[in-house]
Amino acid sequence: MFEEALAKQSKADEAKRAEQKKNKEERLRQRKAQALLLAKAAAEADQAQEGGDEDEIENIVDVKKGPLGLVYEIKWKGYERPEDNTWEPEGNLHPDLVSDFKRDYPELVKQAEEGEVEIEVVPGTGILADTPLPSSSADAPAAEPPAAAPAAAEALAAEDKDKDATLDDLTAV
């Protein structure tokens, strides 16, 4: 009788271990399936983000001489206001777009190449400003930041604490 009870207990323990093993395998399978779904969703989100972050250029509307070469005024698709246009160096643009502009408007390109520097970089920002910056910051008012870069103006003001320029001077219209 004791042996029968022991055998019965042994079978119950074995069945319990088998059930636990089965449950563990099922949880593992579910976790793998969930991880796969999350990985797929993350990959899809990355693809959507890569395609959606970049604005599309509608056309080049002007060219000026910058400190390091020609810079082009870009009209962006979906942006209708002229103040939404930006000045971009040639290196930021697709070569075909630039060559088409040079082919279609050779007189503008020639004027820009032969002219004075009309576009300068706002110090400390790397952002192109379409108005020349004053040569002496002590006598001249602070340069007005480009319309598309108010955050850059704030950064410039923070860097130039020891100068007379203040955030109010930079952002005043």
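What share of the contacts in the chain between residues at least 6 apart in sequence join residues at least 24 apart? In this predicted model, the share is 41%.

**Figure 1. Overall organisation of the predicted chain.** The secondary structure comprises five helices and five strands. Along the sequence, these elements follow the order α-β-β-β-α-α-β-β-α-α. The chain has 173 residues, of which 20% count as buried. Its exposed area amounts to about 13,100 Å², and carbon and sulfur atoms contribute 52% of that area.

**Figure 2. Aromatic pair of Y72 and F101.** The structure contains two aromatic pairs. In the pair formed by Y72 and F101, the ring centres lie 5.8 Å apart and the planes enclose an angle of 85°, an edge-to-face arrangement. Because planes over 60 degrees apart count as edge-to-face, the angle of 85° places Y72 and F101 in that class. The pair connects distant parts of the chain: Y72 belongs to strand β2 (residues 69-76) and F101 to helix α2 (residues 95-104), with their positions 29 residues apart in sequence. Y72 has a relative accessibility of 0% and therefore counts as buried. F101 is likewise buried, at a relative accessible area of 5%.

**Figure 3. Aromatic pair of F101 and Y105.** The rings of F101 and Y105 form a tilted pair, with 5.1 Å from centre to centre and 40° between the planes. Y105 has a relative accessible area of 37%, so this residue is classed as partly exposed, whereas F101 is buried. Through ring pairs, Y72, F101 and Y105 are joined into a cluster.

**Figure 4. Crossing of helices α2 and α3.** The axes of α2 and of helix α3 (residues 106-114) approach within 5 Å and cross at roughly 100°. Since angles of 65 to 115 degrees count as roughly perpendicular, α2 and α3 are assigned to that class. On the α2 side, the contact is made by F101, K102, R103 and D104, while α3 contributes P106, L108 and V109. By residue type, the contact of α2 with α3 comprises four nonpolar and three charged residues, with no polar ones. F101 thus appears in two settings: this residue takes part in the contact of α2 with α3, and ring pairs link it with Y72 and Y105 in the aromatic cluster.

Key:
Residues numbered from 1 in each chain as written. Predicted model: local features only at pLDDT ≥ 70, side-chain atom pairs only at ≥ 80, totals over all residues. Heavy atoms only, no water. Phe/Tyr/Trp six-rings, centres within 6.5 Å; stacked < 30°, edge-to-face > 60°. Helix = DSSP H or I, 4+ residues; strand = E, 2+ residues; numbered from the N terminus. Buried < 20%, exposed > 50% of the residue type's maximum accessible area, 1.4 Å probe, protein only. Axes fitted to C-alpha atoms, helices over the stretch in contact; angles between N-to-C directions. Parallel < 35°, antiparallel > 145°, perpendicular 65-115°, else oblique. Contact = heavy atoms within 4.5 Å. Nonpolar A, V, L, I, M, F, W, Y, C, P; charged D, E, K, R; others polar. Areas by Shrake-Rupley, 256 points an atom, 1.4 Å probe, with all protein chains shown as cover.
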